[in-house]
Amino acid sequence: MNEKINRMEFLKSLGLKGASLFAVYCAASGLSSCVNESMDPTLPPGTGGNTNELVLDLTNPTYSKLNTVGNYVIVNSIVIARVSETAFAAVTQVCSHEGKKKVNFRNGEFYCPEHGARFGTGGNGLNSEGKKGLKTYQTEFSGTSLKVFL
Ligand code: FES
């Protein structure tokens, strides 16, 4: 582990997240390393990671509802649901039926209220409106951190 990573870990250990961590880290590092190592500034507050992943901190109040099975959050147009004690599912919020950005999660499945399309946690269609399925995203859960791979 090199010195720069150690410094980043240290700042994270102080409880700094997302934009504030980015700002402190850049100030401490100088502009040149900021260009190479910046976190994605388009990510919502409380997320980390880079352009290829979202990292949700489930101790952050914005995402802590994911500690309960059956709940979901929507981040960057991705519906992220806790489907069991150990499993999560993530799908696009854009319905494959007629493209409405209304997909949510209820009763253990993804659902679009526009015309009633239903999808399984694997993105598979469960009725005629949902027959085209939904794009899914891989997830990885560790401790209180949930990664969604974009
Ligand atoms: S647009 Fe979602 S069910 Fe029709």
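A good place to start in this predicted model is an open sheet of 4 strands, arranged in the order β3-β4-β5-β9 with antiparallel pairing. At its edges lie β3 and β9 (136-137), each of which pairs on one side only. The pairing of β3 with β4 is antiparallel and is made through 4 bridges. Across this pairing, V73 stands opposite I80 in β4.

The nonpolar interior comes next. The largest nonpolar core contains 24 residues, and those with the most contacts inside it are V79, I80, A81, A90, V91, V103 and F110. At least two residues of this core are supplied by each of β2 (53-57), β3 (72-75), β4 (78-82), β5 (88-92), β7 (109-112), β8 (117-119) and β11 (145-149). The largest share, 4 residues, comes from β5. Two of the sheet's neighbouring strands, β4 and β5, are thus also found among the contributors to the core.

V91 offers a helpful view of these surroundings. Leaving aside residues up to four places away in sequence, V91 touches V79, V103, F110, F119, G123, L134, K135 and T136. Among these partners, V79, V103 and F110 are, like V91 itself, listed with the residues that have the most contacts inside the core.

A word on confidence helps in reading the model. The chain has a mean pLDDT of 80, with 67% of its residues reaching 70 or more. Residues 1-8 have pLDDT below 50, and this stretch has 5 contacts in the model beyond near neighbours in sequence. For residues 10-14 the pLDDT is likewise below 50, and there too the model shows 5 contacts beyond near neighbours in sequence.

Notes. Residues numbered from 1 in each chain as written. Predicted model: local features only at pLDDT ≥ 70, side-chain atom pairs only at ≥ 80, totals over all residues. Core = buried A, V, L, I, M, F, W, Y, C linked by C-beta atoms within 7 Å. Buried ≥ 20, exposed ≤ 12 C-beta atoms within 10 Å, placed from the backbone. Contact = placed C-beta atoms within 7 Å. Pairing = 2+ DSSP bridges. pLDDT = per-residue confidence, 0-100.
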